[in-house]
Amino acid sequence: MSAATETQSSFNEKLDPITFEVLRNALSGVVDEMAVMLEKVAFSTVVSEGRDFSGAICTPTGELVCQGDQDLPFLGGTIPFRVKAVVDTVGDDVSEGDLFLHNDPYMGGSHAQDVSMVAPVFWEGRLFAWIQTAAHWPDLGGSMPGSYDSEATSSFEEALMIPPVHLVRKGVLQEDILRLILRNLRVPDVVRGDIRAMQEACKIGVERLEQLLEKYGSQTLDAEVEALMDFADRHLRSHFSKIPDGTYSWSDAIDEDPASDSDAELPVHLSVTIKGDKALYDFTGTSPQANGPVNIPLSGCYAAALCTTKAVFPDVPFNEGMMRAIDFVIPESSVVSASFPAPVSGGACAAAEKVVSCVHGCLIQVVPERAMACPANLINICFGGFDPRPQHEENYVMYCWLAGGWGARPGARDNFTSLVPLSSGTKIQPAEFLERAYPVLIEGYGLLQDSEGAGRHRGGFGLSFPIRVTHGESTLSGLSDRGKRLPWGYDGGLEPLGNGMVFQPGTPEEESLGVMCSGFRLQAGEGIDYWQGGGGGWGDPLDRPAEWVLEDVTNELISVERAEQVYGVVIDVGDPEALEFEVNQSRSEELRELKKNERQ
């Protein structure tokens, strides 16, 4: 069945296909306009430059109707759980002009730094919908700047937890609530600006949805909501129905529990069972929750799994209808379903990305043209302290992340270096902006040679971003994974470079910080190099066309040595400064045959 035919078959008598498409784009346009408002008004570089936020429209009971076109997938995936937490908490205590604020990971969130603002939309005397925007605040208190503490053993150490509360009641700002929150943060003025931006984003969202209701009427909008969910349900089922019935399993692992004496890996296991037009995602066999902050709450597991499914089947709208086509089995109190008060601040860097890996690993076996080998793992760092520079002279928190290699795929020649799949709606904050806002110097920014997962189709490359403190003392905290368990390649593809941080590289003081550190002090003039690794390869590297290898050598993405040792391609070097390289065909053929024979 074609997409157009399938779309038309999902309508009822109240809605025609043209109106459906017009309203589908109009609703996502509402969320996109909210995003523009948030991005332009916010104070923090996390939101205004990095776009670490997401928005949505939900039904009165909290079901996800639609998102914007460029929002952060993982954060957006938790939105329906966040709205349902507001619905369950406040009950009937909802009026026009209200705004609710909350960030509790155990009430539908991800980690405490991701804060939701939820606004009701009333029409013709009834609650018609909820508008939500969620953004990563640069600091939520806790033991470390940025609220990332790899040594935390409970959420009480990580951040201020805000259950659903009225920030605005009937249009009146609740100053006591605002004072209570800001008093617990290191950068209250910055967060105050972000809160105001979130208020304006919700305001414009409510106004735009009301304009659509005025133009089309509530009955037509109700029909649109129903049709959107039915379409997502039917379209995902159509994909599942083309996969042979069976169970497809995959396992990955978090490097270790940072708050445990053991250095044992923490496995994440997924079995996807396809039966007819439905799927069962079963995480039985996954490790119990960790003592340290590498866990995710239950809502984070759903979000990561659904986001990845959406990535594999990008033509399926991301709304509540997707969940009708997938059943979940998730063991209680595991690293992908932690119980309060387990720490979860680093979950997006650890457990959530293993969910991404496992979904791709299961589906790669049956829809290889749509899935990919394992992508790079997120690495988060925070610098915090007092900025003594003239005209600054205040506390600061600088939160950064990087791009890394995506996993190789047979549907295209190679894959890219980009933001990790869970955060693909964000941007890397410009070095020049960071240097102006904070007492730091960005000493480099570029792809890491030889960091890809080699294969016939190679993964993307790692990215390096060395930072030096220029004034005062700064406290560094970092949370990541893939320092030991590297991203996997598929069908003969190789592992890439993993993540890492090094203090004072190239000096007598050089020290590896691994992928996690907490409260590490840097004085003015000291710095770190940190990098996010590459993506896994696909297929035998010895089968990669020699001209593709030559192109990568010419572009200085891989070295002449790696071309020969890993890909079996011998490169004759003319003038290296002029990038004069040529494949030695006869020697390459001999070397490749030798390497293949040695495997037997």
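**A guided tour from an exposed loop to an enclosed cavity**

Select Glu556, which counts as exposed because its relative accessibility is 52%; exposed means over 50% relative accessible area, buried under 20%, and partly exposed in between, with a 1.4 Å probe and protein chains only. The model is predicted: local features need pLDDT of at least 70, side-chain atom pairs count only at pLDDT 80 or more, and totals for chains, interfaces and linings use all residues. Residues are numbered from 1 along each chain as its sequence is written, and side-chain values use heavy atoms, with hydrogens and water left out.

Glu556 sits in the loop between α12 (546-554) and α13 (560-565). Helices (H or I, at least four residues) and strands (E, at least two) are DSSP runs numbered from the N terminus. Display the neighbours next: leaving aside residues up to four places away in sequence, Glu556 touches Gln449 and Leu579, where contact means heavy atoms within 4.5 Å. For a sense of scale, add Leu228, 328 residues apart from Glu556 along the chain; their C-alpha atoms are separated by 47 Å.

Move now to helix α9, residues 298-312. Its 15 residues reach 22 Å from first C-alpha to last, close to the 21 Å expected at 1.5 Å a residue; the expected span is 1.5 Å times one less than the number of residues. The helix is largely enclosed by the rest of the structure, because 12 of its 15 residues are buried. Among them are Tyr302, Leu306 and Val312. To see what covers the buried residues, show elements including α5 (79-90), α8 (218-241) and α10 (351-363).

The next stop is an open sheet of 4 strands in the order β13-β12-β20-β23, with antiparallel pairing; two strands pair if DSSP finds at least two bridges between them. β13 (394-401) and β23 (517-522) stand at the edges with a single partner strand each, so one side of each has no neighbour in the sheet. Zoom in on β20 (residues 474-479), which is joined to β23 by 4 bridges. Ser474 has Leu522 of β23 as its bridge partner.

Finally, turn to the interior, which holds 4 cavities of 30 Å³ or more. A cavity is a set of points, on a 1 Å grid over the protein atoms alone, where a 1.4 Å probe fits but cannot get out; lining residues have an atom within 4 Å of a point. The largest cavity contains about 170 Å³ of space. Select Asp52, Leu72, Leu378, Tyr399 and Ser423, the closest to its centre of the 18 lining residues. α4 and β13 each supply at least two residues of this lining.

Methods: On a 1 Å grid over the protein atoms alone, a cavity is a set of points where a 1.4 Å probe fits but cannot get out, and a pocket is an open set with protein on both sides within 12 Å along at least five of seven lines; lining residues have an atom within 4 Å of a point. Grid points are joined across faces, edges and corners, and a volume is the space filled by probe spheres set on the points.
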